Every structure is written in structure tokens, then in C-alpha cells.
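The report that follows describes the fold, the packing and the charged pairs of one protein chain. The sequence and the model are shown first.

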Amino acid sequence: MSVQKDDAKQTVRNYLAAFNDQDEEALKEHLADDVVEHGIHDTHHGPEEVVELHRSHFDVFPDYSGSTEAMIAEDNIVTVRYTASGTQTAEFEDIEPTQHKAEWSGMVQYRIEDDEIAEIWIEEDRLGLLEQLEAVDPPAHLRI
């Protein structure tokens with residue numbers, strides 16, 4: 001089934017609005033029953049696992065939100081370059097709460113089928129995030 005680029009982009013816009021609202025039910029409404037998210041370290045299957053991953057980040061960064069810097073669609077694939085931010089108030093990847101507000105960038109690609117997100121691929125600047133949480137030192141060439 002052919003997907004219109006504008007329809008695919010609107011599906012992603014609606015999903016991202018639900019993300020920023022931390023509206024778990026609305027997030028699930030935009031995910032296919034067999035959605036797969038290929039994350040930084042893990043793969044998540046189904047709306048429950050994907051939303052649970054978001055919930056775990058909302059627990060750590062209660063003010064977690066993102067802004068879309070660019071969105072490009074080709075057929076049923078939508079790619080988004082984004083900036084995310086949040087204040088770390090709970091343990092994250094063995095890092096005690098720092099109360100630091102961090103901002104990091106990433107790219108995510110969505111495959112849309114029948115007006116739902118069927119597959120997600122995500123890449124983020126986790127090193128930049130860890131530097132802002134003071135969990136790692138910046139590489140030597142960036143300290144000058």
C-alpha cells in the first residue's frame with residue numbers, strides 16, 4: 001500500500017507531539033501492534049516495550065522533550081533530526097542524579113505502514129549527553 005509523504009510526516013508529527021506531552025496512550029495509538037524500535041543498545045518489540053522505554057527516560061528526565069530540527073520523507077520513510085533536552089533527577093545508566101540540564105542531538109527514522117509507525121531506527125549523541133552529566137571527560141582534542 002502506497003503511503004503519501006505528507007500523511008507519513010503527519011503521523012510522525014502526531015507521535016512526536018504525544019512524546020512531548022508524555023501521553024503514553026497517544027503514543028501507543030501511533031504505533032503498529034508489531035512495531036520494532038532499533039535503539040542505541042537494544043531492540044524493542046510492540047507498543048508496550050517502546051512506551052516503557054520512553055517512560056524510563058521520562059522517569060530520569062521528567063522535563064524530557066524534543067524539538068524537530070529537520071524532517072524529510074521519501075515514500076513511507078520519515079527521517080527526523082532533533083534536539084532533546086532534560087534535567088537528570090534520577091539514576092541513569094549507573095550515573096547518580098546530577099540535577100544537570102542536558103541537551104543532545106539525534107536522528108531517527110520511521111517506517112510508516114497503514115498510518116502507523118511500524119519500525120523505528122534511532123541514533124543519538126550519547127557521548128555528548130554523558131559529558132554534560134559529567135560521567136565522562138570530553139575527548140582530549142575537544143578540551144582546548
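## Overall architecture

The secondary structure of the protein chain amounts to 4 helices and 6 strands, and in sequence order these elements follow the pattern α-α-β-β-α-β-β-β-β-α. The radius of gyration is 16 Å, close to the 15 Å that the globule rule gives for 144 residues, so the chain is as compact as a globular protein of that length. The coordinates are those of a predicted model, in which the C-alpha trace spans about 50 × 30 × 25 Å along its principal axes. Of the 144 residues, 42% count as buried. Among contacts between residues at least 6 apart in sequence, 55% join residues at least 24 apart.

## The sheet and its helices

The strands form an open sheet of 6 strands in the order E2-E1-E6-E5-E4-E3, and the pairing is mixed. Strand E2 (43-45) and strand E3 (65-74) are the edge strands, each of which pairs on one side only. On average, neighbouring strands of this sheet are turned by 20 degrees against each other, with direction ignored.

Two antiparallel pairings can be described in more detail. Strand E3 and strand E4 run antiparallel and are joined by 9 bridges, and one residue pair in this ladder is Ala-70 with its bridge partner Arg-81 in E4. The hairpin of E3 and E4 has 2 residues between the strands, and Asp-75 in this hairpin takes a positive phi near 55 degrees. Strand E5 (residues 101-113) pairs with strand E6 (residues 116-124) in the antiparallel sense over 8 bridges, and here Gln-109 has Trp-121 in E6 as its bridge partner.

Helix H1 (residues 5-20) lies across strand E1 (31-38), E3, strand E4 (77-87), E5 and E6, and runs at about 170 degrees to E3. Helix H3 (residues 46-60) also packs on the sheet, where it touches E1, E2 and E4, and its direction makes about 55 degrees with that of E1.

## The nonpolar core and a buried serine

The largest nonpolar core has 35 residues, of which Tyr-15, Val-80 and Tyr-110 touch the most other members. Helix H1 supplies the largest share of this core, with 6 residues. Which residues does Tyr-15 touch, not counting those up to four places away in sequence? They are Leu-27, His-30, Leu-31, Val-50, His-54, Tyr-110, Ile-117 and Ile-120.

Ser-85 has its place in strand E4. Ser-85 counts as buried because its relative accessible area is 14%, and buried means under 20%. Leaving aside neighbours within four places in sequence, Ser-85 is in contact with Asp-63, Tyr-64, Ser-65, Lys-101, Ala-102, Glu-103 and Trp-104.

## Charged pairs

Side chains of opposite charge can pair when their charged atoms come close. The structure holds 9 salt bridges, and the table lists some of these, with the distance between N and O atoms.

| Acidic residue | Basic residue | N to O distance |
|---|---|---|
| Glu-48 | Lys-28 | 3.1 Å |
| Glu-93 | Arg-126 | 2.8 Å |
| Glu-119 | Arg-111 | 3.1 Å |

Glu-48 forms its salt bridge with Lys-28, and this pair links distant parts of the chain, with Glu-48 in helix H3 and Lys-28 in helix H2 (residues 24-29), 20 residues apart. Glu-48 is exposed, with a relative accessible area of 53%.

The salt bridge of Glu-93 with Arg-126 likewise links distant parts of the chain, since Glu-93 is in the loop between E4 and E5 while Arg-126 is in helix H4 (residues 126-132), 33 residues apart. Is each partner buried or partly exposed? Glu-93 counts as partly exposed at 41% relative accessibility, whereas Arg-126 is buried, with a relative accessible area of 17%.

In the salt bridge where the side chains of Arg-111 and Glu-119 meet, Arg-111 is partly exposed, with a relative accessible area of 24%, and Glu-119 is buried, with a relative accessible area of 17%. Finally, Glu-24, Glu-52 and Arg-55 are linked in a network of salt bridges.

How values were computed: Residues numbered from 1 in each chain as written. Predicted model: local features only at pLDDT ≥ 70, side-chain atom pairs only at ≥ 80, totals over all residues. Heavy atoms only, no water. Pairing = 2+ DSSP bridges. Axes fitted to C-alpha atoms, helices over the stretch in contact; angles between N-to-C directions. Contact = heavy atoms within 4.5 Å. Core = buried A, V, L, I, M, F, W, Y, C linked by side-chain atoms within 4.5 Å. Buried < 20%, exposed > 50% of the residue type's maximum accessible area, 1.4 Å probe, protein only. Salt bridge = Lys/Arg side-chain N within 4 Å of Asp/Glu carboxyl O. Rg over C-alpha atoms; globule rule 2.2 N^0.38 Å.
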